[in-house]
Structures are given as C-alpha cells and as structure tokens.
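This briefing covers a three-stranded sheet, the helix that packs on it, and one residue elsewhere in the chain. Please consult the sequence and model shown next.

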Amino acid sequence: MLSLWTTSFRAEKGSVLHSGIYNREMASSLAAGACIIAAAFLFAAVSPVIPLYSIVALVSFVPLFLLFRRYVFREELLCVEFDRRRGTVSFSLNRPFGRREVSYPLTEIDTVRQDCRVVPPENPDGIRVVEKIALQHGTVIPGFGETAEFYTVEIEFKGGERIMVFSSREPSRADEIAQKIINFIER
C-alpha cells in the first residue's frame, strides 16, 4: 500500500491577503475574541459586571482559540491510497465540515501526469493600489502581485477524468511524488 497525505493539492495562489498577516491563526483569534465579546455583552445585559468576568474571558480565550483552529479553520487534507491487495486507488478529502471519498480500480489508471500551471495576477490595477498603500505605511508585501508557477501531479484515468493529487512551487517535490506513484503502480 502507498499512501499520500497532503494539504497541497490545488494549483492556486490562495487568499489575496498576505499569509503573514491574515492566516488561520489570525482568523481563530478573531473568532475567539468575537465569541468572548458577544458573551460579555450578554452577561453585562443580565447582571452587573464584576472583575471575575474579565478573568473568565481571559482564561476562555485559549480553549476557544484552539477549538476554532482545530475544527473550523483547519486545512483540507487529501489522502490518496494505492492498495495493490484490493486493486484500488482511493481518494479521501477531509474538510472542516465533512468528508468526501471516492475509489477507482487501479487498472483504470491511464497515466500519472506532471504539469506546470502558471497563475497570473488577477487584478493588476488593484495590486498597484495595494502596493502604493503598503509603501505609504513603510511596509513591503513579499511576493504580492507576482505570477505563480505550480508544478502538479495528476492521475489520469482511462475515461479521461483527471484528479490532482499534489501541487508545489518546487519542481523537484512534484517529480519526487510522481516517481514514487509511478514506481508503485508499475511494480
């Protein structure tokens, strides 16, 4: 059996917001803070505010943050399993809210394809405006507005269907994954 577990299975740039500024941890912090503020308004409306509420709010921030990060703002995970004993290749996509699974016979695999996808910037005018604003604030956003190249590994089936199983900005990583899959299938 060969298993591939990855969160890198899409050839897309992701959020317009820079990952160093707005990421899953930041979103979890904002959500936990919003819950605490909502609870504070609720308690303030029903009873007088006492210092104990502040302590409870501070202590409850960490578990709320961890819950949001673990269950709401987690990354999607793709699991691809090649099982020679059962003669199947199974794809399982684990999302924050649900799971999707599909299986195919190993004999239906036509080829393991490598590709390079170029993703140009979507809004050049908007990029220039954001860069000007960032410069006025004395900051630079690295990689913002650049064309991105993604090296992908796809499994193509005899019916023509393709499923992308890996994507990286490094061609050597994609080549390594593709070779492992090809070697396993051809054995």
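In which strand is the place of Asn94? Asn94 lies in strand 3 (residues 88-95). The model is predicted: local features require pLDDT of at least 70, side-chain atom pairs count only at pLDDT 80 or more, and totals for chains, interfaces and linings use all residues. Residues are numbered from 1 along each chain as its sequence is written, and side-chain values use heavy atoms, with hydrogens and water left out.

**Asn94**
- Asn94 counts as buried (under 20% relative accessible area, 1.4 Å probe, protein chains only), because its relative accessibility is 14%.
- Its side chain makes a polar contact with the side chain of Arg99 at 3.4 Å; such a contact is a pair of N or O atoms within 3.5 Å, one able to donate a hydrogen and the other to accept it.
- Neighbours within four places in sequence aside, Asn94 is in contact (heavy atoms within 4.5 Å) with Trp5, Glu75, Glu76, Leu77 and Arg99.

**Sheet**
- Three strands (DSSP E runs of at least two residues) form an open sheet in the order 5-6-7, with antiparallel pairing.
- Strand 5 (109-119) and strand 7 (162-168) are at the edges with a single partner strand each, so one side of each has no neighbour in the sheet.
- From one strand to the next, the twist averages 25°.
- Strand 5 pairs with strand 6 (residues 148-157) in the antiparallel sense over 10 bridges; pairing requires at least two DSSP bridges.
- Arg113 stands opposite Glu154 in strand 6.

**Helix on the sheet**
- Helix 4 (residues 171-186) packs on the sheet and touches strand 5, strand 6 and strand 7; helices are DSSP H or I runs of at least four residues.
- The direction of helix 4 makes about 175° with that of strand 5, where axes are lines fitted to C-alpha atoms and angles run from 0 to 180 degrees between N-to-C directions.

Key
Buried < 20%, exposed > 50% of the residue type's maximum accessible area, 1.4 Å probe, protein only.
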